[in-house]
Amino acid sequence: MVIFMRDFVAEMGQDQTKQQIEKGLKLYQSNDTEKALYVWMKVLRKTSDPGGKFRVLGCLITAHSEMGKYKEMLQYSLAQINTAREMEDPDYLTEGYLNLARSNEKLCEFQKTVSYCETCLNMQGTTVSLQLNGQVCLSMGNAYLGISVFQKALVSYEKALRYAHNNDDKMLECRVCCSLGNFYIQLKDYEKALFFPCKAAELVNDYGKGWSLKYRAMSQYHMSVAYRKLMRLPDAMECCEESMKIALQHGDRPLQALCLLNFADIHRCQKDVDKAFPRYESSMCIMSEIGNRLGQASIYVGVGKCWILQKEYDKALDSMQRAHDLAEAIGNKLCILKGHSLCEGIYRSKEQQDELRDQVVKFLQCVEELELYCGMCGESIGERNQQLQALPCSHIFHLKCLQTNGTKGCPKCHRSSMKLGFV
């Protein structure tokens with residue numbers, strides 16, 4: 001009888017924990033974030049149910065991610081892993097490591113992200129790991145893109161997209177499409193950079209009635225960046241305004257920072273630096289607060305370009321040095337490459353030949369390290385807007401070069417199949 005009563009009380013406690021978690025979720029979905037956090041923190045302090053504790057930590061991880069409080073997100077992820085270890089449950093442990101990977105991704109600790117993603121993928125055989133593998137591959141792809149390892153990023157995105165298709169997971173497919181938009185932005189294939197977020201927007205329209213508005217905001221933001229690169233600036237402004245509106249409604253600080261950066265870049269493209277500078281400054285305030293160092297580096301590049309427009313070359317060089325230091329700290333070689341390219345132009349304008357030669361050498365070294373050249377024609381990839389195509393091995397070439405290659409296979413790894421992949 002005593003054992004029965006003890007079990008009954010435990011079940012009652014679990015039911016109350018579940019009800020309180022659901023109450024917090026309803027508050028959070030209605031944008032009452034402070035009350036939701038209060039409810040969840042109260043549950044976290046009081047519950048003795050490990051499963052309930054794990055779930056409420058998951059809610060706190062998601063909320064702090066969207067608020068841009070990445071250090072807190074990291075702390076809750078570590079607590080979630082400790083809870084999973086106490087429970088000796090590999091399913092929960094896999095989910096915990098995924099959240100730890102995401103936390104490090106947000107903090108631009110990309111090598112750690114890759115390591116934690118590999119831990120997740122090595123925990124095969126659990127029921128949850130099979131459902132989460134697509135999300136793990138997406139996070140791994142984002143991390144590889146963060147350190148400019150393009151082939152491995154593309155391999156990871158392809159895997160994530162296959163998981164999404166096999167599991168009919170439209171939300172995951174939407175997120176992967178947005179990441180692929182960013183991937184092709186960096187490689188300057190702007191047609192693909194627009195295609196993928198447009199596909200994400202279609203998924204939101206077709207399947208997203210019950211989804212969070214963040215998916216619409218995310219697709220609109222990536223569409224805006226692609227439109228800006230294509231110099232379709234009115235379209236870029238319209239999409240960015242839509243994304244910013246949703247970000248403000250939901251208190252999504254990271255997306256607000258990205259939209260402000262994109263607004264600044266749009267104004268710079270219009271050669272309106274007086275409007276661009278304050279947007280860069282506003283974006284920098286949020287990027288610094290949340291710890292997005294890659295975002296900060298991108299801002300310094302944009303600011304440097306504004307100073308170049310005004311022929312303030314010393315100020316431009318200072319901005320580029322700041323961008324270089326941040327990019328080097330996180331391992332983003334593409335940002336370093338952009339810096340060398342811009343500095344090369346500055347030194348050419350200033351007729352400083354020694355500095356110019358130094359930047360040219362460093363630029364070519366970066367191109368070689370990144371393997372940013374077509375394996376057929378030998379020309380650089382990512383120097384200007386060009387159509388690219390990836391083979392199943394994820395090696396990337398100019399589309400025009402592949403069209404003249406017939407069926408000879410991949411020129412880099414000699415795989416014979418020419419069937420094009422998802423991306």
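Start by selecting Trp 40 and Phe 183: of the 141 residues in the largest nonpolar core, these two touch the most other members. A nonpolar core here is a set of buried Ala, Val, Leu, Ile, Met, Phe, Trp, Tyr and Cys residues joined through side-chain atoms within 4.5 Å. Buried means under 20% relative accessible area, exposed means over 50%, and partly exposed lies in between, with a 1.4 Å probe and protein chains only.

The model is predicted: local features need pLDDT of at least 70, side-chain atom pairs count only at pLDDT 80 or more, and totals for chains, interfaces and linings use all residues. Residues are numbered from 1 along each chain as its sequence is written, and side-chain values use heavy atoms, with hydrogens and water left out.

Stay on Phe 183 and show its contacts (heavy atoms within 4.5 Å). Leaving aside neighbours within four places in sequence, Phe 183 is in contact with Leu 145, Phe 150, Ala 153, Leu 154, Tyr 157 and Ile 396.

Next, select residues 214–229, which form helix H11. Helices (H or I, at least four residues) and strands (E, at least two) are DSSP runs, numbered from the N terminus. The expected span of a helix is 1.5 Å times one less than its number of residues. For the 16 residues of H11 this gives 22 Å, and the end C-alpha atoms are 23 Å apart, which agrees.

How many residues of H11 are buried? The count is 12 of 16, so H11 is mostly covered. Among them are Tyr 215, Ala 217, Tyr 221, Met 223 and Tyr 227. To see what covers H11, add helix H9 (170–186), helix H10 (190–207), helix H12 (233–249) and helix H13 (253–269), against which its buried residues pack. Just after H11, Met 231 takes a positive phi of about 60°.

Within H11, pick Gln 220. Gln 220 counts as buried because its relative accessibility is 9%. Not counting residues up to four places away in sequence, Gln 220 touches Cys 239, Glu 242 and Ser 243.

For another glutamine, go to Gln 131 in helix H7 (residues 127–146). Is Gln 131 buried or exposed? At 57% relative accessibility, Gln 131 counts as exposed. From Gln 131 to Ser 65 is 66 residues in sequence and 21 Å in space, C-alpha to C-alpha.

Now select H10. Its 18 residues reach 26 Å from first C-alpha to last, close to the 26 Å expected at 1.5 Å a residue. The buried residues of H10 include Tyr 190, Phe 196, Pro 197 and Val 204. They pack against H9, H11 and strand E1 (388–390).

Return to H11 for the cavity. A cavity is a set of points on a 1 Å grid over the protein atoms alone where a 1.4 Å probe fits but cannot get out; lining residues have an atom within 4 Å of a point. The structure holds 1 cavity of 30 Å³ or more, with about 30 Å³ of space in the largest. Select its lining: Leu 213, Lys 214, Ala 217, Ile 246, Ala 247, His 250, Asp 252 and Leu 255. H11 and H12 each supply at least two of these lining residues.

Finish with the cysteines. A disulfide is a pair of cysteine sulfur atoms within 2.5 Å, and the structure holds 0 of them. Cys 259 is in no disulfide, and the nearest cysteine sulfur, that of Cys 240, is 4.2 Å away. Cys 306 is in no disulfide either; the nearest cysteine sulfur belongs to Cys 269, 9.3 Å away. Cys 306 is buried, with a relative accessible area of 0%.

Note on methods. 1 Å grid on protein atoms, 1.4 Å probe; cavity = no way out; pocket = protein on both sides within 12 Å on 5 of 7 lines; lining within 4 Å. Points joined across faces, edges and corners; volume = space filled by probe spheres on them.
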